[in-house]
Amino acid sequence: MASNVLNEKIIPFFQKLSGSRHLVALRDGMTAAVPMIIIGSVFMIVAQFPIQGYQDFMAHTFGANWATVVQYPTNASFHIMGLVAVAGISYNLAKSYKVDPFSAMVVAIGAFILTIPLKVDKAGAMWVPLQQLDSSGLFIAILVGLFITDLYVWLVHKNLTIKMPATVPPAVSNSFASLFPGALALILMWVIRMAVEASPMESIPNIINFVLQEPLSHLNNSLPGAIIVELFVCLLWFFGIHGANTVSGVMMPIWLGAMTQNANALQAGKELPNIVTQQFYDNFVHMGGSGATIGLAFMLAFLSKSKEFKTLGKLVVGPAFFNVNEPIVFGMPVVMNYKMLLPFVLAPMANVITTYTAMSTGIVAKTMGVMVPWTTPPIISGYLATGHLSGAVLQIVNIVIDGLIYYVFFKSMDRNHLAEEKGEVA
């Protein structure tokens, strides 16, 4: 009975969820911001490289203000995260509906800017506070990117557009076609803003921060919250659903926001506030990929007795070194293999607990807000993410623990495969 419910209800639901146009647009749109963050992170590493001799040399050579100047590109990339996200989400969502994505994206950007309370200086000049364009505005960017684009698409499908002759260039035709849907979408956002400003909350960012951002960020930055998130990742993978993509579509705004807060604190010389960030999962929990399978990959490559596992090990160890583990998940397999479910869950859970404990107690430095690509090999990524050797040491400890967890299960399966091979030969 339970198996039928699982196969007929739960698994199809998550498969449908992971492939839904809105979740895919959210994931792909958020990913559009990652290259800029990586570029900014490179400049941050140059400015904040944790060797005192290097810092003294740079200050002596280029002046005491050198780090601030080097981090201009960091500020330029980190402080447009929300703007890039709303553009990417709207573009991908409109494209999935086969509606002109560029026009929808422009309308969504306008609606996003409309949610931001502008500032006025003493001279009367108006300006947009940059913090509302970066991670602080991510939740608003997501909501605007999804709902305003849906409204725009719905209006287009209702033919509330200006039709131009076929001889008119497509760029001109698309701009006029977006006139009525874009105007109605912006008017709706304007009405919402006016209503909010008349309420005690005073601004849309205040509402989002009160209702969504603060509660979710507090849950995320706790050990129980991190364990729950990782449990979902592992269980979805076990049933053949890309758990990391499914969960990150929801959690990435929170992780990137926490990462940016750490980066800002580092630049200001303050204590880093967050433990659970994008790098927490990418560089310390998912070493070898989801399920923390890098230790298993090395065992397959170097400790296998069966021919099948030896061959598989040669194929999986290279990708695993760069945190790609689909060859293991589908080749061993781990998917729907009840013998591997327990270690596949326990290993990353152990990483969550050891990493969180080590960082919360100060034994290991927290991730400093640098976007280290998830494909960066362990040990290197640990040092870059924390700016401290303790990050690399923690990764070694986690890999050893993961290997010990997988070892018994690996040996059992290896013996079974070897026995089957000997039986086939006989």
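The paragraphs below lead through a predicted model, beginning with its confidence and going on to its largest pocket, its aromatic contacts and some details of its backbone.

Across the protein the pLDDT averages 82, and 86% of the residues score at least 70. That confidence is unevenly placed, since helix H1 (residues 2-18) has the lowest mean, 57, whereas helix H19 (residues 338-360) has the highest, at 93. Where pLDDT is low, the predicted coordinates should not be read in detail.

The largest pocket holds about 610 Å³ of space. Its lining is made up of 25 residues, and those nearest the centre of the pocket are Ala244, Asn245, Gln278, Asp282 and Trp374. Two or more lining residues come from each of helix H2 (21-31), helix H3 (34-48), helix H13 (223-238), H14 and H15. Of the contributing elements, H14 gives the most, with five residues. In chemical character the lining of this pocket divides into 12 nonpolar residues, 10 polar ones and three charged ones.

Helices H14 and H15 return when one turns to the aromatic side chains, for which the count comes to six aromatic pairs. One of these pairs is formed by Trp255 and Tyr281, whose ring centres are 4.6 Å apart and whose planes are at 35 degrees, a tilted arrangement. Because Trp255 belongs to helix H14 (residues 243-268) and Tyr281 to helix H15 (residues 278-285), this pair ties together parts that are 26 residues apart in sequence. Both partners are buried, Trp255 having a relative accessible area of 5% and Tyr281 one of 1%. By contrast, the rings of Phe298 and Phe302 have their centres 6.1 Å apart and their planes at 15 degrees; the angle is under the 30 degrees that serves as the limit for stacking, so this pair counts as stacked. Phe298 and Phe302 both lie in helix H16 (residues 294-302), where, being four residues apart, they are separated by about one helical turn. As for their surroundings, Phe298 is partly exposed at 34% relative accessibility, while Phe302, at 60%, is exposed.

The aromatic contacts also include a grouping of three, in which Trp255 and Tyr281 are joined by Phe280 to form one cluster. A contact of another kind involves Arg21, whose charged end sits over the ring of Tyr97 at 4.1 Å from the ring centre.

The backbone has several details of its own, and they are best read against a general expectation. Most residues other than glycine have a negative phi, and most peptide bonds are trans. Between Met332 and Pro333, however, the peptide bond is cis, with omega at about -10 degrees, and Pro333 is placed in the loop between helix H18 (326-331) and H19. Asn323, in the loop between helix H17 (307-321) and H18, has a positive phi near 65 degrees although it is not a glycine, and this residue is buried at 5% relative accessibility. Ile379 likewise has a positive phi, near 80 degrees, but it is partly exposed, with a relative accessible area of 42%.

The loop between H19 and H20 holds Ile379, and Gly369 also lies in the loop between H19 and helix H20 (380-386). Gly369 is buried, at 1% relative accessibility, and its C-alpha atom is 8.1 Å from that of Gln279, although these two residues are 90 apart along the chain.

Notes: Residues numbered from 1 in each chain as written. Heavy atoms only, no water. Phe/Tyr/Trp six-rings, centres within 6.5 Å; stacked < 30°, edge-to-face > 60°. Buried < 20%, exposed > 50% of the residue type's maximum accessible area, 1.4 Å probe, protein only. Lys NZ or Arg CZ within 6 Å of the ring centre and 35° of its normal. pLDDT = per-residue confidence, 0-100. 1 Å grid on protein atoms, 1.4 Å probe; cavity = no way out; pocket = protein on both sides within 12 Å on 5 of 7 lines; lining within 4 Å. Points joined across faces, edges and corners; volume = space filled by probe spheres on them. Nonpolar A, V, L, I, M, F, W, Y, C, P; charged D, E, K, R; others polar.
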